[in-house]
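These are my notes on what I looked up in one structure. I kept each entry short and set down the place of a residue before its surroundings.

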Number of protein chains: 2
Amino acid sequence: MLGNFSYCNPTRLYFGDNSLEYLNSELKKYGKNVVLVYGGGSAKKNGIYDEVVEILRKSGKNIAEISGVMPNPTVEKLYEGIEIARNHNVDLLLAVGGGSVCDYCKAVSVSVNCDEDPWEKYYINFEEPTCEIIPVGCVLTMVGTGSEMNTGSVITNHKSKLKIGHVFADEKIMPRFSILNPKYTLTLPHYQMVSGIYDIFNHICEQYFSGEDDNTSDYISEGLMKSLINSSRIANRDSQNYEARSNIMWTATWALNTLVAKGKSTDWMVHMIGQAVGAYTDATHGMTLSAVSLPYYRFIMPYGLAKFKRFAVNVWDVDAAGKTDEQVALEGLDAMESWMKELGLVMNITDLGASEDMIEGIANSTLILNGGYKSLNHEEIVQILKQSL
Amino acid sequence: MLGNFSYCNPTRLYFGDNSLEYLNSELKKYGKNVVLVYGGGSAKKNGIYDEVVEILRKSGKNIAEISGVMPNPTVEKLYEGIEIARNHNVDLLLAVGGGSVCDYCKAVSVSVNCDEDPWEKYYINFEEPTCEIIPVGCVLTMVGTGSEMNTGSVITNHKSKLKIGHVFADEKIMPRFSILNPKYTLTLPHYQMVSGIYDIFNHICEQYFSGEDDNTSDYISEGLMKSLINSSRIANRDSQNYEARSNIMWTATWALNTLVAKGKSTDWMVHMIGQAVGAYTDATHGMTLSAVSLPYYRFIMPYGLAKFKRFAVNVWDVDAAGKTDEQVALEGLDAMESWMKELGLVMNITDLGASEDMIEGIANSTLILNGGYKSLNHEEIVQILKQSL
């Protein structure tokens, strides 16, 4: 059954190989002072930075910059960006990058006019903003997080070894517009591409593997997973395949813009464990998820057997004839494992720099949620992490 | 491949058995003068009218009414409503009903401040509004059209025997908010319920059966179709099953809010033929679609064989082993026919009051689009209509 919910996703999306053409018309809606936010230089190398700056200049904008936003944006970087945005009297934060840059912009957007410490307020206490929120626009250059059409924002605090995501309630924190050009993703290294693909897949899994009821959301999830599996195989063989990359980009947006979670419970424990691994290793987000996923899903499978069987049949085309439910469910996870290995995903946390002596700390840093088929205790998280080594 | 597109669907949806509780907070966003728009009295019989009026009164609104909006709203009714809305100096049009009432409100919303004839401007010349648009809100009591989250509006002109839908470009014409309570649909007669279900299914088909490329939209469509088939069978056996009705309601919204058409071509010829049948018979919309669908799809199937095969396998679980593509495709359509008969849908236009002597006229009233697998000429439409008798 679909539980009660509300839905409002007003982000305006421009999708396609001409989508940057629409930036100019969007810029007209905002004031003169734009803070351009980007990462480690790939936007400069591939020319997107120059294109965006030219459009901003032609629009008569005053530009300030926050550069060097790292893959796991830190709280120190957040404080730095808030100062730049305040000093520029910012009217629009324009993210040019992937999910980290977009997440970071949202964190700045709710902090510029906030007197409290944003880390404490938003990431420790999960409060909602009470101040005016600065609009965020996004030119997406990497795919996976879905940050282009949601309110999620993940910030890392290395001192306290915490990597925390806050999914804000107010849809004003979603980017007002996002420009999605699949061509921008063609230059990504293979490691980044497949890491993003697994992030997408896991977003769907987190929302799918929860709840016993029959609902439309799970059917949409199955469609998205099948599309992603198909397109990821094409992109893995042929990284310059625009068709596959465009489908992956669009699937990423819908995998995490609240739609497939509507009216149902969700899990998110792979993300919780993965984010704790990330806080200890600074590893690429998608790889932290791939490294812990199969130990986690094999552990919880008996508690959600019907759904894992459905996953095997509907997503992986496992033939159920003459098999027990458990055999079918395990074949589904085996098929998922084959696909993950085919893509070249990292399949254990050792390869990400984690070691056995970190496990207790990682487990302590793991936020325990209770939406999945099995509520985990500390010892069970330790056990899953050991199986992930 | 996903072609270039933009996407912005800002309608705020409240879904669930408590959703009317949110009407009050929405009303605060608009001025005092509300025009309440409803149909033939079922909203009064089942008490929803009284509940809404009480909320409006408690909010201190001045209420005017447009009642008696018919299942296929006429251009004369449109003119009448424009006058009522103008005289009331309307701030908000509040639809309480199904797709017809919601479609009708949109037509009024773009006409109140328009000096030109709305039928000529919007439905004959397909122009966009240049005037200020009156906001529309919706309390949905029937399911099928998706009107609660799109810009579509169908108006019928009996004099010229035309039933024309305009999908407006500006998302401001979407309802600003829609209240979706599956409980309201539990009192619908079986005929209306299954008619709505087939309308939903056909909306998906119109967008699915077009284009040769692999894309995410078609995978989402398959998920929505599978959800709908499953839930419709439950609702057909047990009309009071809230779970099934909630899934049907949510599927209806996503079947026609632009998502599953993004980046691809679409067909819409079943709707064009069905609407012409409707203009001649005034039959229930969904039944005009069910009555012409199978003759149409069997006619175009050879021109889109790969997609019809995919439909058979992915949606109807047809086993393709050892069969030709054509056999598989036909088995898919046979499975669809069995499901339609199981629901008790009208399977021919004779049962809707059409006769052979009307066919030439119906074919002449059919707007010919060219997005499907086969561009039809007049003779082919006549042939399909004869097979639909």
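Entry 1. Terms and model. Before naming any helix, I note that helices here are DSSP runs of H or I with at least four residues, and that they are numbered from the N terminus. I also note that the model is a predicted one.

Entry 2. A:Met336. I looked up A:Met336 and found it in helix α13 of chain A, which covers residues 325-343. Is A:Met336 buried or exposed? Its relative accessibility is 0%, so A:Met336 counts as buried, the cut-off for that class being under 20%. I then listed its contacts, leaving aside neighbours within four places in sequence: A:Met336 meets A:Tyr198, A:Phe201, A:Leu294, A:Tyr297, A:Phe311 and A:Trp316. For one of these partners I also looked up the spacing. A:Met336 and A:Trp316 are 20 residues apart in sequence, and their C-alpha atoms are 7.6 Å apart in space.

Entry 3. The nonpolar core. I next asked which residues have the most contacts inside the largest nonpolar core. They are A:Phe201, A:Tyr297, B:Phe201 and B:Tyr297, in a core of 160 residues. Two of these names, A:Phe201 and A:Tyr297, I had already met among the contacts of A:Met336. In chain B, I recorded that B:Phe201 touches B:Met225, B:Leu228, B:Ile229, B:Phe311, B:Trp316, B:Met336 and B:Trp339, with residues up to four places away in sequence not counted.

Entry 4. Cavities. I turned to enclosed empty space. Rolling a probe the size of a water molecule over the atoms shows where such space is left. How many cavities of 30 Å³ or more does the structure hold? I noted three. The largest cavity has a volume of about 90 Å³. From chain A, its lining includes A:Tyr219, A:Glu222, A:Gly223, A:Lys226 and A:Asn314; from chain B, the lining includes B:Tyr219, B:Glu222, B:Gly223, B:Lys226 and B:Asn314. The elements that give two or more residues to this lining are α8 (216-237) of chain A and α8 (216-237) of chain B. By class, I recorded two nonpolar, four polar and four charged residues in the lining.

Entry 5. The end of chain B. I looked up two residues in the segment after α15 (378-387) of chain B, B:Ser388 and B:Leu389. B:Ser388 counts as buried because its relative accessibility is 1%. B:Leu389 is partly exposed, with a relative accessible area of 31%. Neighbours within four places in sequence being left aside, B:Ser388 is in contact with B:Ala291, B:Val292, B:Pro295, B:Asn348, B:Ile349 and B:Thr350. On the same terms, the contacts of B:Leu389 are B:Asn348, B:Ile349, B:Thr350, B:Ala354, B:Ser355, B:Glu356 and B:Ile359. I also noted that B:Leu389 and B:Asp351 are 38 residues apart in sequence and 8.2 Å apart from C-alpha to C-alpha.

Entry 6. B:Glu380. I found B:Glu380 within helix α15 of chain B. Why does B:Glu380 count as buried? The reason is its relative accessibility of 13%, since buried means under 20%. B:Glu380 touches B:Phe299, B:Lys374 and B:Ser375, residues up to four places away in sequence not being counted. The C-alpha atoms of B:Glu380 and B:Ala363 are separated by 9.2 Å, with their positions 17 residues apart along the chain.

Entry 7. Two positive phi values. I checked A:Trp268 and B:Asn89, neither of which is glycine. Phi is near 75° for A:Trp268 and near 50° for B:Asn89. A:Trp268 lies in the loop between α9 (242-255) and α10 (269-281) of chain A. B:Asn89 lies in the loop between α4 (75-87) and β4 (92-97) of chain B. A:Trp268 counts as buried at 18% relative accessibility, whereas B:Asn89 is exposed with a relative accessible area of 56%.

Entry 8. A:Asn370. My last entry concerns A:Asn370, in the loop between α14 (359-365) and α15 (378-387) of chain A. With 55% relative accessibility, A:Asn370 counts as exposed. What does the side chain of A:Asn370 make a polar contact with? I found the side chain of A:Ser375, at 3.0 Å. A:Asn370 and A:Gly3 are 367 residues apart in sequence, and 17 Å apart in space from C-alpha to C-alpha.

How values were computed:
Residues numbered from 1 in each chain as written. Chains lettered and ligands numbered in written order. Predicted model: local features only at pLDDT ≥ 70, side-chain atom pairs only at ≥ 80, totals over all residues. Heavy atoms only, no water. 1 Å grid on protein atoms, 1.4 Å probe; cavity = no way out; pocket = protein on both sides within 12 Å on 5 of 7 lines; lining within 4 Å. Points joined across faces, edges and corners; volume = space filled by probe spheres on them. Nonpolar A, V, L, I, M, F, W, Y, C, P; charged D, E, K, R; others polar. Buried < 20%, exposed > 50% of the residue type's maximum accessible area, 1.4 Å probe, protein only. Polar contact = N/O pair within 3.5 Å; in protein donor to acceptor, adjacent residues only side chain to side chain. Core = buried A, V, L, I, M, F, W, Y, C linked by side-chain atoms within 4.5 Å. Contact = heavy atoms within 4.5 Å.
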